[in-house]
Amino acid sequence: VDIIPVIETAAVIASAIYGVLLAARKNLDIVGVFAVAFIISFGGGTLRDLALDRHPLFWIANHHYVWIVLGLSLLGAMIPSHLQKLEKYLLVPDAVGLALFTITGTAYALATDPPVNLLIAVILGVVTGTFGGVLADIICNEIPSLFREAPLYATAAFVGAWVYALLVLWAWSEELAAGAAFVTVFAIRIAAVRWNIRLPNARLG
Amino acid sequence: VDIIPVIETAAVIASAIYGVLLAARKNLDIVGVFAVAFIISFGGGTLRDLALDRHPLFWIANHHYVWIVLGLSLLGAMIPSHLQKLEKYLLVPDAVGLALFTITGTAYALATDPPVNLLIAVILGVVTGTFGGVLADIICNEIPSLFREAPLYATAAFVGAWVYALLVLWAWSEELAAGAAFVTVFAIRIAAVRWNIRLPNARLG
Amino acid sequence: VDIIPVIETAAVIASAIYGVLLAARKNLDIVGVFAVAFIISFGGGTLRDLALDRHPLFWIANHHYVWIVLGLSLLGAMIPSHLQKLEKYLLVPDAVGLALFTITGTAYALATDPPVNLLIAVILGVVTGTFGGVLADIICNEIPSLFREAPLYATAAFVGAWVYALLVLWAWSEELAAGAAFVTVFAIRIAAVRWNIRLPNARLG
């Protein structure tokens, strides 16, 4: 697992940027901004680590991740308000964080001994990718976007996790599998938002 | 612990049916339906397993449970909408899942080595029975029914968990203890909804 | 770690009193009161124990804590309603619980082997002090006060955790470090509410 730490660092940076921009919209003080960015960056991976009994948790083992989030939170608190237009770029760091964390989650789940079932690995990849945002939404008392208006959010992670898991199973290199999965998640998510693509609702409703 | 896997399988099926019917009312797509059914079926037991340090988690160790929930979610997405009247039967799978998961939670807690205190076992039984629904409510941004209009929901689980724990302590067979606990939880819950029975409020309010 | 059990017991009592008074305002029945008091008293420490892989959880290892919360819940349900004026004293047990749990959380995190990074210990102290209340707010469907109107709630815990961690690092006795940290958290929190002191908002909003 050589490329995974690189991907994880990038995932933390992307998620923290997303978290800081999101928190700034909510009129929080610096402690609140850090708390939101922390939960968005580490919530999903913490659930995965607890579920797989991986200790120390990934952000305790790599405490420079926490310093990254702290630094970006301080930086974010100093962004002048006329840069609010940055808001519309929220989508990009969110999609990058989603894609990268989904890959690390799936990779860690596949690396357990004994290995977990493929479906379980995919689910833990989706949890890693999506639950930071879900937890932040819950704490900010919003309907988690996973269950609301977000086009193909969990679905993008679900498809990408299968891509990664199957390519690794078929003996692709981790780098190529991760690249293919990243493109898959990012493209599905961005295209879904751009053209407002959705899955049909369950019909009972 | 021979009958417990049978009870657990039935609990997963009942909870997944409840989750799928509930999710269908909320106009979610298939991924959302699966997510809600997954959380309702596995949320409480996951908390219990984490609290007791039981690994792998029950749904990772028994991954056919996940396939059951996935299958029922796909099936649920194909129910035609004129069967909405099914809704009024939501109560029954919910009460069955509550009763069965409360039993498995109490049984696993009593089976730890060294054994936990009886009150702790009962609380973990209640957590196992109720927290799937609580988490799903939180994620769907509803006031958890545990804390709202639900007559004797946690209370039914609490009484049933004591019934199971005490009968096992008094050397009844697991089968009989489970049967008695099931009838207790199911009857209290159904009767409470039918005749709108509640405990008095705390008076300070 | 000799004084920590004493501090922890006091923290449980203060948090349970706060939880019972809070729950009484919400018109819950006795089971609901116990559930809210339980989550407020044990939620933060449970997250810390899971994050640090400390088992059995502190309230499973010390099951008399659960009996304390149960007893106070029963007592609370019998408070006559003309004592509602007690409400304005909610602030004090909340601040005491915040201060004491922050100290125990930081102390347990510093006592791990190998020791966690100082920033991680401080964060786990803050989580221990604040997340019981955050979880109770989420379950009662309120915006967690951590992210709303609460002046310097997490901030008080954050400063106090640094005070404790640094004083212990500088070889002060645990008793003196805990005393200094308690005064710090309690004073910041009470002063912030009394004079409505806040940190400036992040400017992007």
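This report covers the salt bridges and the internal cavities of a predicted model.

**Salt bridges**

Over all chains, the count of salt bridges comes to 6. Three of them pair D49 with R54, one in each of chains A, B and C, as the table sets out.

| Acidic residue | Basic residue | Closest N to O distance |
|---|---|---|
| D49(A), 0% relative accessibility | R54(A), 26% relative accessibility | 2.8 Å |
| D49(B), 0% relative accessibility | R54(B), 25% relative accessibility | 2.8 Å |
| D49(C), 0% relative accessibility | R54(C), 25% relative accessibility | 2.8 Å |

In chain A, the side chain of D49(A) meets that of R54(A) with N and O 2.8 Å apart. D49(A) counts as buried because its relative accessibility is 0%, where the cut-off for buried is under 20%. R54(A) has a relative accessibility of 26% and therefore counts as partly exposed, a class that lies between the 20% and 50% limits.

Chain B holds a salt bridge between D49(B) and R54(B), again with 2.8 Å between the closest N and O atoms. D49(B), at 0% relative accessibility, is buried, whereas R54(B) is partly exposed at 25%.

In chain C, D49(C) and R54(C) are joined by a salt bridge of 2.8 Å, N to O. The acidic partner, D49(C), has a relative accessible area of 0% and is therefore buried. The basic partner, R54(C), is partly exposed, with a relative accessibility of 25%. Back in chain A, R48(A), D49(A) and R54(A) belong to one network, joined by salt bridges that share partners.

**Cavities**

A search of the whole structure gives 3 cavities of 30 Å³ or more. The largest cavity holds about 100 Å³ of space. Its lining is made up of 15 residues, and those closest to the centre are S15(A), I40(A), G129(A), G133(A) and Y153(A).

Which helices of chain A each supply at least two residues of this lining? They are helix 1 (4-25), helix 2 (30-52), helix 5 (91-110) and helix 6 (118-139). Helix 5 of chain A gives the largest share, with 5 residues.

By class, the lining of the largest cavity has 8 polar, 6 nonpolar and 1 charged residues. Glycine is counted as polar in this scheme, so G129(A) and G133(A) fall in the polar class.

Key
Residues are numbered from 1 along each chain as its sequence is written. Chains are lettered from A and ligands numbered from 1 in the order in which they are written. This is a predicted model: local features need pLDDT of at least 70, side-chain atom pairs count only at pLDDT 80 or more; totals for chains, interfaces and linings use all residues. Side-chain values use heavy atoms; hydrogens and water are left out. A salt bridge is a side-chain nitrogen of Lys or Arg within 4 Å of a carboxyl oxygen of Asp or Glu. Buried means under 20% relative accessible area, exposed over 50%, partly exposed in between (1.4 Å probe, protein chains only). On a 1 Å grid over the protein atoms alone, a cavity is a set of points where a 1.4 Å probe fits but cannot get out, and a pocket is an open set with protein on both sides within 12 Å along at least five of seven lines; lining residues have an atom within 4 Å of a point. Grid points are joined across faces, edges and corners, and a volume is the space filled by probe spheres set on the points. Helices (H or I, at least four residues) and strands (E, at least two) are DSSP runs, numbered from the N terminus.
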